[in-house]
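Please open the structure in a viewer and keep the selection panel at hand. The tour below proceeds from one selection to the next.

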Amino acid sequence: MASMSHSTAQKPSIVNPARFAALADRAVPWLAGASVLAFAVGLYYALWASPEDYQQGSTVRIMYVHVPAAWMALFTYMVMSSAAIGTLVFKHPLADVAAKAAAPLGAVFTLVALATGSIWGKPMWGAWWVWDARLTSMLILFFMYLGLIALWRAVDEPARAARVTAIAILVGVINIPIIKFSVDWWNTLHQGASVMRMDGPTIHSSMLVPLFIMAGAYMLFFATMHLVVMRSELMRRRARGLRLRLARGTA
Amino acid sequence: MSGDYAAYVIGAYALAAAGLVGIVVWAAVDRRAARDGLARAERVARDAGTPGDE
């Protein structure tokens with residue numbers, strides 16, 4: 001990766017890791033503030049201002065933390081897939097940094113979606129867990145995130161780790177449409193799509209608005225933390241480059 | 001909030017909060033470790049007279 005940073009030292013704009021780091025440092029406080037604000041408004045609507053469901057009662061409020069977490073679990077994987085293409089095709093110096101920084105965030109979003117879904121499932125389905133296609137494919141996504149994190153750690157040389165994980169990410173992207181369409185392709189206990197449908201959402205606006213506000217808050221949170229973790233990864237790579245240069249100089 | 005399900009709702013929000021706060025804490029610890037590591041590498045490089053990236 002040291003050679004990668006050399007080759008991009010003269011590139012303009014945010015393609016240059018140093019310039020990206022400066023921009024990230026400026027953007028993070030604003031994104032963090034917007035995220036906190038969005039969560040505050042979203043939680044007010046989710047817990048107080050939105051109505052209870054006539055069948056589910058107050059458990060419908062779990063939707064406001066569960067559904068955005070599930071959306072973010074998929075979105076994060078798509079970010080990683082785009083970054084993987086950036087690594088393999090365009091050899092973008094920040095692509096692998098972006099993918100590596102997103103993986104732990106995606107793993108946590110997936111875990112939150114699984115855990116909150118399980119808590120909703122107990123009173124509504126009578127079971128904490130069922131092996132239906134949606135839940136199982138989400139569990140596989142969680143293990144994929146863990147596997148990718150392990151793969152990055154297992155390969156010592158960063159450029160090689162970037163290539164290997166980029167290929168693994170792109171192989172794993174097949175699971176994303178399986179998750180999305182699992183409720184259409186198989187008979188599942190998990191309900192079908194009720195927001196992202198061709199004929200429009202089937203949820204009343206009094207519940208849809210808080211859901212979108214919470215989704216916006218999750219998205220801002222992701223953007224904030226992704227930049228923070230990317231920044232840390234850039235520092236780690238710069239330190240590694242310095243150590244390598246020193247080792248070569250003293251060898 | 002209807003009492004029958006309040007514990008489930010509170011549990012779900014607590015778990016979600018734990019996940020998001022967990023990310024924030026981990027990212028802060030990770031950033032501190034990365035910054036310390038970079039400062040150490042820069043100090044060693046400076047002492048050895050190795051030029052940095054700039």
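**A methionine and its surroundings**

Select A:Met138 to begin: leaving aside residues up to four places away in sequence, A:Met138 touches A:Ala70, A:Ala73, A:Leu74, A:Thr110, A:Ala113, A:Leu114 and A:Ile179, contact meaning heavy atoms within 4.5 Å. The model is predicted, so that local features need pLDDT of at least 70 and side-chain atom pairs pLDDT 80 or more, whereas totals for chains, interfaces and linings use all residues. Residues are numbered from 1 along each chain as its sequence is written, chains are lettered from A in the order in which they are written, and side-chain values use heavy atoms, without hydrogens and water.

**The nonpolar cores**

Add A:Phe109, A:Leu141 and A:Tyr218, which together with A:Met138 touch the most other members of the largest nonpolar core, a set of 75 residues. Such a core joins buried Ala, Val, Leu, Ile, Met, Phe, Trp, Tyr and Cys residues through side-chain atoms within 4.5 Å, buried being under 20% relative accessible area (1.4 Å probe, protein chains only). Another core, of seven residues, lies apart from it and includes A:Met235, B:Ala34, B:Leu38 and B:Ala41.

**Between the chains**

Now display both chains: 40 residues of chain A are in contact with 33 residues of chain B. Three salt bridges are counted between chain A and chain B, each a side-chain nitrogen of Lys or Arg within 4 Å of a carboxyl oxygen of Asp or Glu. Select A:Arg236 and B:Asp30 to see a salt bridge of 2.9 Å, N to O.

How values were computed
Buried means under 20% relative accessible area, exposed over 50%, partly exposed in between (1.4 Å probe, protein chains only).
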